[in-house]
Amino acid sequence: MKKILLIILLFFSLTYSYAQVKAFDSGYKGFTDIGYTIGIGDYEFGRFEINTTHGYQVNPFFFVGGGVGFHFMSEYKTKSAEIALDKRDSKVSIPLFADFRGTFSKKKISPFVDLRLGYFVTNNDKFYSNASIGCRVAVKGKQNISISIGYTYQKLEFMTFDRFIGSSNMDYTRTPRILDCGGISIKLGYDF
């Protein structure tokens with residue numbers, strides 16, 4: 001009787017272990033997330049984000065892929081100044097990025113780190129990066145939800161104050177300039 005019970009227990013244990021590994025097979029994996037970046041530093045303006053990433057789950061712990069985002073950026077003007085030194089109109093910026101994600105366990109609740117590096121393809125904006133840490137919760141099969149917090153660094157184009165046109169009036173010129181912008185990002189994600 002003990003042998004039969006031990007065989008049944010071993011069978012269920014192996015089946016459970018196989019199901020856990022099977023849920024993290026290598027192959028195609030997709031991510032979507034929505035979030036908000038709270039501007040910090042010299043340019044404190046927030047941006048709402050929608051991102052999608054698709055790529056290859058190399059093993060249960062490492063993913064590599066590429067993605068695209070739609071970042072909705074509000075209008076910005078230098079605070080506490082009669083003449084805005086730096087100005088940016090409301091825009092939608094689109095970054096293309098490589099995405100690298102490391103997951104630390106195969107359990108139902110797993111911590112992860114994520115790194116996105118890319119380039120904006122709109123508005124003369126330049127570099128995009130986001131490094132974040134988070135927690136993923138398995139929902140069903142290969143489907144998971146996640147929450148993360150991170151730091152976003154971007155090089156964005158602003159119209160900056162150049163010079164006054166003359167000494168007798170307050171007319172001035174602006175020139176485009178790429179400036180460094182940082183922010184704390186909070187994201188809610190779904191992967192399949």
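**Figure 1. Cysteine residues C135 and C181 in the predicted model.** In this predicted model, C135 has a relative accessibility of 28% and is therefore classed as partly exposed. C181, by contrast, counts as buried because its relative accessibility is 2%. A search covering the whole structure returns 0 disulfides. C181 is also one of the residues of the largest nonpolar core, which is the subject of the next view.

**Figure 2. The largest nonpolar core.** This core comprises 11 residues. Its aromatic members are Y43, F45, Y76, F97, F120, Y128 and F158; M73, L156, L179 and C181 also belong to it. Strand 10 and strand 11 (172-191) each contribute at least two residues to this core. In soluble globular proteins, nonpolar side chains tend to be buried together.

**Figure 3. Surroundings of the core residue F97.** With residues up to four places away in sequence excluded, F97 touches N51, T52 and T53. The glycines G65, G66, G67 and G69 are also touched by F97, as is V68. Further partners of F97 are R116, L117, G118 and Y128; of these, Y128 is itself listed in the largest nonpolar core.

**Figure 4. Environment of N144 in strand 10.** N144 belongs to strand 10, which spans residues 143-164. Its relative accessibility is 3%, so N144 is classed as buried. A polar contact of 2.7 Å joins the side chain of N144 to the side chain of D191. In addition, a polar atom of the N144 side chain lies 3.3 Å from the backbone oxygen of K142. Apart from neighbours within four places in sequence, N144 is in contact with K29, with R136, V137, A138 and V139, and with G189, Y190 and D191.

**Figure 5. Environment of S93 in strand 6.** S93 is located in strand 6, residues 91-93. This serine is buried, because its relative accessible area is 0%. The side chains of S93 and N123 form a polar contact at 3.1 Å. Setting aside neighbours within four places in sequence, the contacts of S93 include G69, F70, H71 and R88, together with T122, N123 and D125. M73 and F120 are likewise in contact with S93, and both residues are listed in the largest nonpolar core.

**Figure 6. Model confidence and the stretch 14-23.** The protein chain has an average pLDDT of 86, and 88% of the residues score at least 70. Over residues 14-23, however, the pLDDT is below 50. Beyond near neighbours in sequence, this stretch has 5 contacts in the model. Where pLDDT is low, the predicted coordinates should not be read in detail.

Definitions and conventions:
Residues are numbered from 1 along each chain as its sequence is written. This is a predicted model: local features need pLDDT of at least 70, side-chain atom pairs count only at pLDDT 80 or more; totals for chains, interfaces and linings use all residues. Side-chain values use heavy atoms; hydrogens and water are left out. Helices (H or I, at least four residues) and strands (E, at least two) are DSSP runs, numbered from the N terminus. Buried means under 20% relative accessible area, exposed over 50%, partly exposed in between (1.4 Å probe, protein chains only). A polar contact is a pair of N or O atoms within 3.5 Å; within protein, one must be able to donate a hydrogen and the other to accept it, and residues adjacent in sequence count only if both atoms are side-chain atoms. Contact means heavy atoms within 4.5 Å. A nonpolar core is a set of buried Ala, Val, Leu, Ile, Met, Phe, Trp, Tyr and Cys residues joined through side-chain atoms within 4.5 Å. A disulfide is a pair of cysteine sulfur atoms within 2.5 Å. pLDDT is the predictor's confidence in each residue, from 0 to 100.
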